[in-house]
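Trainee: I would like to test some structural terms against their definitions. Could we go through a model together?

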Amino acid sequence: MRCLLWLLLVAVAAAQVPVSGPDLHGDIERTEFRSSLLPEPRTVLVYLPPGYRQSLRRYPVLYLQDGQNDFDRQTSAFGQEWGLDESAERLIRSHQMAPVIMVAVYNSADRIVEYTPVSDPKHPGGGADRYIQFLLSELKPWVDHQYRTVPDDSAIMGSSLGGLLSLYASWRHPDVFRRVGCVSPSLWWDGQWLTHAMATSPPTPPLRRIWLDIGTEEGDEPAETVADTRRMHVVLQGAGYRDEQTLFYREIPGAHHNETAWAARVPDILVHLFPPGQ
C-alpha cells in the first residue's frame, strides 16, 4: 500500500524546482501538478519558512488561490503582487507570526467556475466542489508527503472570488481548513448565496480563526459591497465566533479591489491567522 501511494504521488507532480527572481524572497519551489480532477496541469509554488531546512519541526500550511499573484510581480495578472513571501519572511524572522508553509496554486481560464459553489444568473459557475476535492484528495496529500507539515492544521486564503471560494471551503470542510483568510470576498455571487447558506447552517468548530475584510471603495456600488460583508460578519458572530478572538473583521477606509490594497493588509492577516506561539 505504501509503495502504491508513493507511485501515485510521484505521478501527479513533476520535480520541485527552486525558483528565484527580483520579486521572490525566501525558499520557494515550483512544481507542475497534474490532476485527474482538473483539465490541465496546475503550477504550484511552495514557500518554506526560515529555518525549514535546518530543523525537524513540522509546520501548518496555508493554501493560497490565484497563486501567480501572490509572490511575484512578473507573473501577476495585473503587474502587482501580494508580497506574501516578503511579509512572511519579515514577520517570522522577527517572531511576530508563527512559521508556516504557503502553497500558492495558479488559477486557470476556468477560474470563475472553479472558485464558485453555484452558478450566478449572469455568470457560469458551480465548480468549487471539484476544485476543493482537488485540494483535499490530490494536492494536500502530496504536500503532506513531500514536506514536514502538520496535516491537521491547514488554512486557506484568497481574495475576490478566491475569498468566496476560501470561505466556502472552510465552511464545508472545517475539519481540514481550520483557519481562513477571506479577503474582499465576492459575497454578491448569486444573490449572496453563501451568506444565506451559512446563516441556515452556521460554520462550527474545529474552525479556529477567521479573517474577513473589505475595502470601503470596492465594486461599482461600494456601500452595497460593504453591506454584503457586514451581513456575513453578523452570520459569523451568530455562529459563536468572537471578535478579536476567533473572528477578525476589518473595513479598510479608501481601499480598492486590487493587489496593491491586499498587499497592504497582508501583514495583519498573517499575524492574526498565525499568531506567534501557535
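Mentor: We take helices, then the sheet. This is a predicted model: local features need pLDDT of at least 70, side-chain atom pairs count only at pLDDT 80 or more, and totals for chains, interfaces and linings use all residues. Residues are numbered from 1 along each chain as its sequence is written, and side-chain values use heavy atoms, without hydrogens and water.

Trainee: What makes residues 128-146 helix H4?

Mentor: Helices are DSSP runs of H or I, at least four residues, numbered from the N terminus. H4 has 19 residues. Its C-alpha span is 25 Å, close to the expected 27 Å; the expected value is 1.5 Å times one less than the number of residues.

Trainee: Where does H4 bend?

Mentor: At Leu139, by about 40°. That is the angle between axes fitted to the seven residues ending there and the seven starting there. Pro141 follows within four residues.

Trainee: Why is helix H2 called mostly covered?

Mentor: Buried means under 20% relative accessible area (1.4 Å probe, protein chains only). In H2, residues 84-93, 7 of 10 residues are buried, including Leu84, Leu91 and Ile92.

Trainee: Which strands stand at the edges of the sheet, and why?

Mentor: The open sheet has 9 strands, with mixed pairing. E1 (17-18) and E9 (247-252) each have a single partner strand, so one side of each lacks a neighbour in the sheet. Strands pair if DSSP finds at least two bridges between them.

Trainee: How many bridges join E7 to E8?

Mentor: 5, and the two strands run parallel. They therefore pass the cut-off of at least two bridges. Val183 has Asp213 in E8 as its bridge partner.

Definitions and conventions:
Buried means under 20% relative accessible area, exposed over 50%, partly exposed in between (1.4 Å probe, protein chains only).
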